[in-house]
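Please open the structure in a viewer and keep the selection tool at hand. The tour proceeds by stops, each with a selection to make and a description of what is found there.

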Amino acid sequence: MHYSMMFLPTVRETPSDAEVISHQLMLRAGVIRKLTSGVYSYLPLGYRVIRKFEQIVREEMTRAGAQEVFLPTVQPAELWQESGRWTHYGKELLRFRDRHDRECCLGPTHEEVITDLVRNEIKSYRQLPLNLYQIQTKFRDEIRPRFGVMRCREFGMKDAYSFDTDEEGAEISYRKMFDAYNRIFTRCGLKFRPVEADTGSIGGSFSHEFLVTADSGEDAMVYCTRCDYAANLEKAEVPRPEQKQANAKDFLPLEEVCTPDVRTIEEVCAFLKVTPQDVIKTLIFNADGKPIAILIRGDKEVNEIKVKNFLGCDELELAMDDMILEVTKSPRGFAGAIGIKCRILADYSLMNMKNFVMGANKEDHHVKNVNFRRDFTVKDFVDLRAVQEGDVCPRCLSAMKFARGIEVGHVFKLGTKYSKAMKAHYLDKNGQEKIMIMGCYGIGIGRTVAASIEQNYDGKGIIWPMAIAPYQVIITPVNVREESLAKASEALYQKLQGQGIEVLLDDRDERAGVKFMDADLIGIPIRITIGPKNLAEKKVEIKIRRSGEVKILGLAEVEAFIVNTIKEEM
């Protein structure tokens with residue numbers, strides 16, 4: 001491609017509304033342009049990157065045995081009502097009515113549509129397993145789009161769906177896709193980690209997120225410094241401590257203390273001269289309309305996702321004042337476990353505590369020297385808290401580290417969540433009707449491209465990994481008005497193109513410095529500079545964008561060097 005013919009509007013200044021480096025550079029390098037909030041157009045340079053990444057995805061999906069389909073964007077409400085997600089999904093689901101007053105939505109995902117397709121076509125175990133995927137536009141009406149294409153409303157996604165006869169087959173399908181995702185992101189030159197994750201609104205029993213490590217990432221994760229355990233903060237486990245037998249002889253007498261207007265942990269500790277480790281917080285939650293008391297040590301925080309998953313409830317939120325008053329007989333801030341009128345769950349952090357402080361279920365009062373068994377009973381000690389610095393690995397008890405990442409892929413074991421609700425059945429070898437076991441697997445296309453920039457840039461611009469670079473080589477004649485330079489550049493351009501190398505020829509009548517800045521900004525991996533001094537000796541300058549390494553090679557050597565460099569970096 002000749003630069004002079006390309007629609008490639010670069011920008012020198014950093015856009016004021018771009019928060020993260022990928023958003024800034026995608027705008028400056030002419031990769032994207034904003035249409036409206038959370039909706040972007042991909043320009044030719046950016047779309048070349050998108051298509052190259054999609055090709056890697058397609059190759060690895062085919063290798064994993066998946067077949068490509070293309071499903072409708074507009075989805076009828078009836079399918080979502082069958083699955084139960086029409087009301088549960090929330091305001092991110094863009095709902096509308098067509099001219100016949102039928103309710104529809106723009107697809108944010110395609111579990112319902114694919115399940116409907118498969119249930120109407122698959123009848124026998126002989127037709128399974130099956131894995132279908134697509135690369136298609138989704139729409140989620142984000143309340144606050146930000147970070148450019150990393151959190152937008154309209155975006156490209158690769159979503160795949162597997163259907164199996166049993167759990168064993170579903171595990172094989174899951175593993176195939178897990179391995180395929182590792183290959184995809186490795187081929188793209190990304191530093192990433194697969195981490196255990198919560199299934200969220202998609203549902204299912206188990207999932208992994210693929211996080212590209214980056215300081216700008218919205219997602220926090222922990223990982224073991226010794227074994228391969230890694231999880232996001234919603235899912236990260238805390239190991240169950242060894243429970244020690246308490247000696248009742250050590251229990252001090254229960255003491256009720258007047259604590260006027262003392263509600264927070266900080267206020268309680270200051271008033272009673274104790275530490276947060278000596279206090280138990282009693283938090284009242286509303287779980288599907290029923291009160292539940294969560295007990296946790298004063299220096300820890302409740303992980304509501306863990307609570308919700310343990311209870312298996314659909315909705316979980318902190319209780320309102322009327323529910324708190326009903327179960328504790330006191331206003332907010334003085335709840336305790338003694339005499340409370342609801343179910344109690346206690347976090348692991350309490351297992352070996354004794355003579356602790358908690359609310360007295362009485363306004364302006366707390367109790368000291370509270371002890372399990374003597375003063376109240378806990379049936380369930382559960383991992384309910386958010387992990388913190390200093391926590392150890394739940395698998396090998398080694399130290400764990402925190403990092404931030406950008407979610408670029410997610411694989412789910414769906415089980416029968418959709419197939420059962422939507423009656424996706426098959427007949428087994430005995431003619432018995434069984435429910436298909438499902439999995440689903442998503443990759444954010446534009447998000448992965450943005451994540452790559454977050455890992456591959458410098459003060460001059462983008463540094464594309466070779467596998468997804470829009471062009472592999474840029475040829476830069478320092479002065480196109482000199483006929484010898486222009487001819488040599490065009491001849492080299494034609495020669496490299498003949499070898500299947502993707503080349504951009506900067507034939508603009510611009511100063512060499514401008515061309516060099518643009519070449520660095522748009523991130524082409526290899527730059528060939530053709531100047532009069534080197535050309536007189538039948539030589540050119542080659543610069544590697546990532547390392548900054550410069551070589552002077554003879555024209556006869558250039559082709560072999562470029563081919564070998566591309567092979568090494570792919």
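A surface patch, as the term is used here, consists of residues with over 30% relative accessible area and no salt bridge, in which like charges are joined within 9 Å. Asp and Glu count as negative. The model on display is a predicted one.

**First stop: a charged patch**

Select Asp288, Asp314, Glu315 and Glu317, which together form a negative surface patch. Then keep Glu317 alone: this residue belongs to strand β16, residues 316-318. With a relative accessible area of 47%, Glu317 is partly exposed.

**Second stop: the sheet that contains β16**

Which strands form the open sheet, and in what order? Five strands take part, in the order β16-β14-β15-β17-β20, and their pairing is mixed. The edges are β16 and β20 (381-382), each of which pairs on one side only. Next, select β17 (residues 343-347) together with β20; these strands run parallel and are joined by 2 bridges. Within this pair, Asp347 stands opposite Val382 of β20. As background, strands of a sheet pair through backbone hydrogen bonds, either parallel or antiparallel.

**Third stop: a hairpin**

Move to strands β1 (residues 32-36) and β2 (residues 39-42), an antiparallel pair joined by 4 bridges. Select Ile32 and follow its bridge to Tyr42 in β2. The two strands form a hairpin with 2 residues between them. In the turn, Gly38 has a positive phi of about 75 degrees.

**Fourth stop: salt bridges**

The structure holds 47 salt bridges. Three of these may be examined in turn.

Begin with Glu112 and Arg85, whose side chains meet in a salt bridge at 2.7 Å, N to O. Glu112 lies in helix α5 (residues 111-121) and Arg85 in helix α4 (residues 85-88), so the contact ties together parts that are 27 residues apart in sequence. Both Glu112 and Arg85 are buried.

Continue with Lys354 and Asp250, a salt bridge in which the closest N and O atoms are 3.3 Å apart. This pair links distant parts of the chain, 104 residues apart: Lys354 is in the loop between β17 and β18 (356-359), and Asp250 is in the loop between β12 (230-232) and β13 (255-258). Are these partners buried or partly exposed? Lys354 is partly exposed, at a relative accessible area of 43%, and Asp250 also counts as partly exposed, at 37%.

Now select Lys306 and Asp383, whose side chains form a salt bridge of 2.9 Å, N to O. Here too distant parts of the chain are linked: Lys306 is in helix α8 (residues 304-311), whereas Asp383 is in the loop between β20 and β21 (400-415), 77 residues away in the chain. Buried means under 20% relative accessible area. Lys306 therefore counts as buried, at 10% relative accessibility, and Asp383 counts as buried at 13%.

To complete this stop, select Glu19, Glu142, Arg146, Arg151 and Glu218, which are joined into one network by salt bridges that share partners.

**Last stop: two residues far apart in sequence**

Select Leu505, found in strand β28 (residues 503-505). At 3% relative accessibility, Leu505 counts as buried. Add Tyr3 to the selection: Leu505 and Tyr3 are 502 residues apart along the chain, yet their C-alpha atoms are separated by 5.8 Å.

How values were computed:
Residues numbered from 1 in each chain as written. Predicted model: local features only at pLDDT ≥ 70, side-chain atom pairs only at ≥ 80, totals over all residues. Heavy atoms only, no water. Patch = residues over 30% accessible without salt bridge, like charges linked within 9 Å, V, L, I, M, F, W, Y side chains within 5 Å. Areas by Shrake-Rupley, 256 points an atom, 1.4 Å probe, with all protein chains shown as cover. Salt bridge = Lys/Arg side-chain N within 4 Å of Asp/Glu carboxyl O. Charge placed at Lys NZ, Arg CZ, Asp CG, Glu CD. Buried < 20%, exposed > 50% of the residue type's maximum accessible area, 1.4 Å probe, protein only. Pairing = 2+ DSSP bridges.
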